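Please read this note with the sequence and the structure side by side. It is meant to be followed point by point, with the residue in question located before moving on.

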Amino acid sequence: QVQLVESGGGLVQAGGSLRLSCAASGRTFITKAMGWFRQFPGKEREFVGYITWSDGNTRYADSVKDRFTISRDNAKNTMYLQMNSLKPEDTALYYCAVSQLNRPLGMPGVYSYWGQGTQVTVSS
């Protein structure tokens, strides 16, 4: 069992920045990767990015590439999402997740544990 808690969401104006955190607890030794997803009302959960736990490899969706950066602190079992140059279309509920697999990490189905989400709202 792994528990995940997201934090750091809020309201920001377009062009601003926000940093999300995801703290994991429990059986965290099973973690192979942690990912960020977001969900817009009435739509499917969308891949944002991930980081592999052992080597720190990252991958991002094209929509956030060059604006968002994922990092992790292995000792603290915490993952971060630094969001810069935010746009109104980034407004969504953001979720973090843990995968016990190394791939395919852009797919929600490979993540076993999910947080409750944190709301990010970007005003224009």
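The points below take up the model, a sheet, its strand pairs, a core and a disulfide.

1. This is a predicted model, in which local features need pLDDT of at least 70 and side-chain atom pairs count only at pLDDT 80 or more, while totals for chains, interfaces and linings use all residues. Residues are numbered from 1 along each chain as its sequence is written, and side-chain values use heavy atoms, with hydrogens and water left out.

2. Four strands form an open sheet in the order S1-S3-S8-S7, with antiparallel pairing. Strands here are DSSP runs (E, at least two residues), numbered from the N terminus, and two of them pair if DSSP finds at least two bridges between them. Strand S1 (2-7) and strand S7 (68-73) are the edge strands, each pairing on one side only. On average, neighbouring strands of this sheet are turned by 15° against each other, direction ignored, where the axes are lines fitted to C-alpha atoms and angles run from 0 to 180 degrees between N-to-C directions.

3. At one edge, S1 and strand S3 (residues 18-26) run antiparallel and are joined by six bridges; Val2, for instance, has Gly26 in S3 as its bridge partner.

4. At the other edge, S7 and strand S8 (residues 78-83) also run antiparallel and are joined by six bridges, with Ser71 standing opposite Tyr80 in S8. The hairpin of S7 and S8 has four residues between the strands, and Asn77 takes a positive phi near 50° there.

5. The largest nonpolar core has 38 residues, and Leu4, Trp36, Met79, Leu81, Met83 and Tyr94 are those with the most contacts inside it. Such a core is a set of buried Ala, Val, Leu, Ile, Met, Phe, Trp, Tyr and Cys residues joined through side-chain atoms within 4.5 Å, buried meaning under 20% relative accessible area with a 1.4 Å probe, protein chains only. Strand S9 (residues 92-99) gives the most to this core, with five residues.

6. Which residues does Leu4 contact, leaving aside its neighbours within four places in sequence? Among them are Cys22, Met34, Cys96, Tyr113 and Trp114, contact meaning heavy atoms within 4.5 Å.

7. Cys22 and Cys96 are joined by a disulfide, S to S 2.0 Å, the term being used for a pair of cysteine sulfur atoms within 2.5 Å. Because Cys22 lies in strand S3 and Cys96 in strand S9, the pair ties together parts that are 74 residues apart in sequence. The link is right-handed, with 65° about the S-S bond, and both Cys22 and Cys96 are buried.

Definitions and conventions: Buried < 20%, exposed > 50% of the residue type's maximum accessible area, 1.4 Å probe, protein only.
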